[in-house]
Amino acid sequence: MAANIIPLTQRPAWKALQDHYHKIKDLHLRSLFAEDPHRAERLSVEGLGIYLDYSKNRITDETLRLLLNLAETSGIRARIEAMFRGEKINITEQRAVLHVALRAPKDASILVDGANVVPEVHAVLDKMADFANRVRSGDWKGYTGKRIRNVVNIGIGGSDLGPMMAYEALKHYSDRNLTVRFVSNIDGTDIAEATRDLDPAETLFAVCSKTFTTLETLTNAQTARDWCLKALGDKKAVAKHFVAVSTNGEEVAKFGIDTANMFEFWDWVGGRYSYDSAIGLSLMIGIGPDQFRGMLSGFQAMDEHFRTTPFEKNLPVLLGLIGIWYINFFEAETHAILPYDQYLWRLSAYLQQLDMESNGKHVDLDGNVVGYHTGPIIWGQPGTNGQHAYYQLIHQGTRLIPCDFIGFCQSTNPLGPHHNLLMANFFAQTEALAFGKTSKEVEAEGVPASLVPHRTFEGNHPTNTILAAKLTPEMLGKLIALYEHKVFVQGTIWNINSFDQWGVELGKMLANRISQELANHVEPKLEHDSSTNILLRRYLRLRSAD
Ligand code: F6P
């Protein structure tokens with residue numbers, strides 16, 4: 001059911017924002033800061049050790065008031081409660097949306113169809129911890145009796161990006177005697193490169209797939225199984241070298257993995273919201289159960305913050321509203337995520353799926369085509385690399401690109417001047433983006449007149465600064481939950497279903513048809529469009545050429 005009967009763009013809260021936009025769209029951050037020396041103090045908030053400075057946004061107090069009014073009138077509170085209550089808010093799949101249950105404390109009660117799911121969550125966590133400890137201690141041995149030294153996670157999408165991003169983010173806390181790798185692409189190169197220097201007798205594969213029907217994952221898992229058995233020679237070895245993480249025991253068994261070696265999760269966990277479920281098994285093996293639980297406590301703290309904090313101090317709500325301001329009123333197409341921490345080098349890739357698969361929707365909850373933009377294109381790379389690549393366009397291009405800068409006061413690898421230099425860039429960039437450099441300032445530097453336009457920085461480029469003390473497992477959990485809930489806030493305002501992903505189906509179906517055509521040795525009768533037919537014929541002709 002739709003949260004609101006009146007279409008979003010017809011609602012007074014929306015119309016008020018539209019009017020307001022026309023009044024303030026040309027205001028410059030230079031004047032907003034000059035007029036108000038306390039702007040940064042007022043337009044910032046601290047919660048759970050995360051300091052969010054949103055003062056370098058093209059907003060006034062009135063903008064904020066109107067955005068908060070939009071939030072209040074969009075049914076966000078009711079929808080948060082519905083999610084936490086286990087209601088089936090994923091209406092197109094008739095499923096509850098309960099990633100928050102994955103990090104709920106043991107004594108919590110969250111009901112799905114009348115049954116408390118929290119005890120099951122903790123039972124699986126305990127089973128994971130027991131297994132992770134056995135692998136880490138060498139108690140779990142491979143088929144030949146050798147200790148496991150390599151863990152290869154096989155999955156794709158949410159069954160890969162989450163654990164991979166988090167493993168990279170928390171590498172500092174991981175056991176360096178273990179090699180943990182992630183294979184996702186159906187391109188054989190991925191698994192070939194991931195296994196080429198590994199000893200099968202020392203390698204454990206965690207096959208992760210919510211459905212256990214995903215072509216990429218099953219193909220990679222089959223290749224891994226062949227690789228393992230070729231070396232170890234006995235089917236019995238599978239039980240020692242393969243574990244599965246899935247909601248689908250039947251398919252796991254069909255694949256040949258003993259369901260005793262299966263770690264379960266549930267259909268009320270969306271793939272892109274799942275890395276704190278058993279999907280995080282490889283991560284847990286890498287960093288250990290204690291650090292994993294520390295991460296869960298960070299998630300949980302942010303869940304509580306989101307659920308209970310008034311909107312004007314609520315981190316996910318503020319981030320969500322500011323995003324709406326740019327997407328729907330300034331018509332910004334993209335949003336950059338710029339972490340100034342090398343360990344977060346896969347964060348943007350992870351957030352791409354989280355945000356774009358959730359909010360890349362064109363119809364509302366009633367199936368009506370929306371008359372406004374929904375999820376933005378998410379992109380980014382860790383600082384400072386981007387500064388020497390694409391920041392030029394953010395500074396001087398023609399597009400408006402709102403950015404989130406994420407940084408930490410303490411380095412995980414304190415090394416001479418590195419951290420100060422990294423953070424100097426972090427602070428300098430948001431300053432440069434906001435305030436730019438006027439042509440007058442450029443002229444005053446003695447720059448020749450012909451170069452002045454080229455060296456002028458318009459400024460007025462909006463940024464959020466997210467600053468925390470240190471990247472720890474707990475902090476990572478807080479940050480990820482912050483973005484999960486931000487996506488939720490935006491999806492609620494847009495009145496869309498953030499929890500299905502029908503848009504990936506058509507490509508899968510067509511690939512299935514084409515893969516059957518490509519499997520034939522005789523040239524198939526092709527009945528696609530003329531472009532696809534020609535491309536396929538070319539491929540068939542050249543595929544076996546040297
Ligand atoms: O095709 C998209 C998708 O369903 C994602 O939503 C999901 O994270 C990914 O595929 C992998 O799915 P599974 O975990 O079922 O293999």
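This briefing covers the fold, cysteines, backbone geometry and some long-range pairs of one protein chain. The model is predicted. The protein chain has 546 residues, and its radius of gyration of 25 Å agrees with the value near 24 Å for a compact globule. The chain holds 22 helices and 13 strands. The structure contains zero disulfides.

**Overall shape and packing**

- The C-alpha trace spans about 75 × 60 × 55 Å along its principal axes.
- A compact globule of 546 residues would have a radius of gyration near 24 Å, so the 25 Å of this chain agrees with that expectation.
- Of the 546 residues, 54% are buried.
- Among contacts with a separation of 6 or more, 74% join residues 24 or more positions apart.

**Surface and charge**

- The protein chain exposes about 24000 Å².
- Carbon and sulfur atoms supply 53% of that exposed area.
- The chain carries 55 positive and 63 negative charges.
- The mean positions of these two sets of charges lie 3 Å apart.

**Cysteines**

- No disulfide is present, as the count is zero.
- For C208, the closest cysteine sulfur is in C228, 16 Å away, so the pair is too far apart for a bond.
- C208 counts as buried because its relative accessibility is 0%, under the 20% cut-off.
- For C403, the closest cysteine sulfur belongs to C409, and the 20 Å between the two sulfurs is too far for a bond.
- C403 is buried too, with a relative accessible area of 1%.

**Backbone geometry**

- The peptide bond from G383 to T384 is cis. Its omega is near 5 degrees.
- T384 sits in the loop that runs between β11 (377-379) and α16 (391-396).
- L48 is not a glycine, yet its phi is positive, at about 55 degrees.
- L48 belongs to the loop between β1 (44-47) and β2 (50-53). With 30% relative accessibility, L48 counts as partly exposed.
- D113 also has a positive phi without being a glycine, here about 50 degrees.
- D113 lies in the loop between β3 (111-112) and β4 (115-116). At 65% relative accessibility, D113 is over the 50% cut-off and therefore counts as exposed.

**A101 and its surroundings**

- A101 is placed in the loop between α5 (76-84) and β3.
- Its relative accessible area is 0%, so A101 is buried.
- A101 and S277 are 176 residues apart in sequence. Their C-alpha atoms are 9.5 Å apart in space.
- Beyond neighbours within four places in sequence, A101 is in contact with I110, V117, V121 and W268.

**The R65 and E312 pair**

- R65 is part of helix α4 (residues 61-72).
- The relative accessible area of R65 is 47%, which means that R65 is partly exposed.
- E312 is in the loop between α13 (289-308) and α14 (315-329).
- E312 is partly exposed as well, with a relative accessible area of 45%.
- Along the chain, R65 and E312 are 247 residues apart. In space, 8.8 Å separates their C-alpha atoms.
- Setting aside residues up to four places away in sequence, E312 touches Y54, L68 and L318.

**V447 and its loop**

- V447 occupies the loop between α18 (439-444) and α19 (452-455).
- V447 counts as buried because its relative accessibility of 12% is under the 20% cut-off.
- Leaving out neighbours within four places in sequence, V447 is in contact with V442, V452 and R455.

**Points to keep in view**

- Loop residues A101 and V447 are both buried, at 0% and 12%.
- Loop residue D113, by contrast, is exposed at 65%.
- C208, at 0% relative accessibility, is buried, and its sulfur is 16 Å from the closest cysteine sulfur.
- C403, at 1% relative accessible area, is buried, and its sulfur is 20 Å from the closest cysteine sulfur.
- R65 and E312 are both partly exposed, at 47% and 45%.

Technical notes. Residues are numbered from 1 along each chain as its sequence is written. This is a predicted model: local features need pLDDT of at least 70, side-chain atom pairs count only at pLDDT 80 or more; totals for chains, interfaces and linings use all residues. Side-chain values use heavy atoms; hydrogens and water are left out. Helices (H or I, at least four residues) and strands (E, at least two) are DSSP runs, numbered from the N terminus. The radius of gyration is taken over C-alpha atoms; the globule rule is 2.2 Å times the number of residues to the power 0.38. Buried means under 20% relative accessible area, exposed over 50%, partly exposed in between (1.4 Å probe, protein chains only). Contact means heavy atoms within 4.5 Å. Accessible areas come from the Shrake-Rupley method with a 1.4 Å probe; for residues, only the protein chains shown count as cover. Lys and Arg count as positive and Asp and Glu as negative; His and the chain ends are not counted. The place of a charge is taken as NZ of Lys, CZ of Arg, CG of Asp or CD of Glu. A disulfide is a pair of cysteine sulfur atoms within 2.5 Å.
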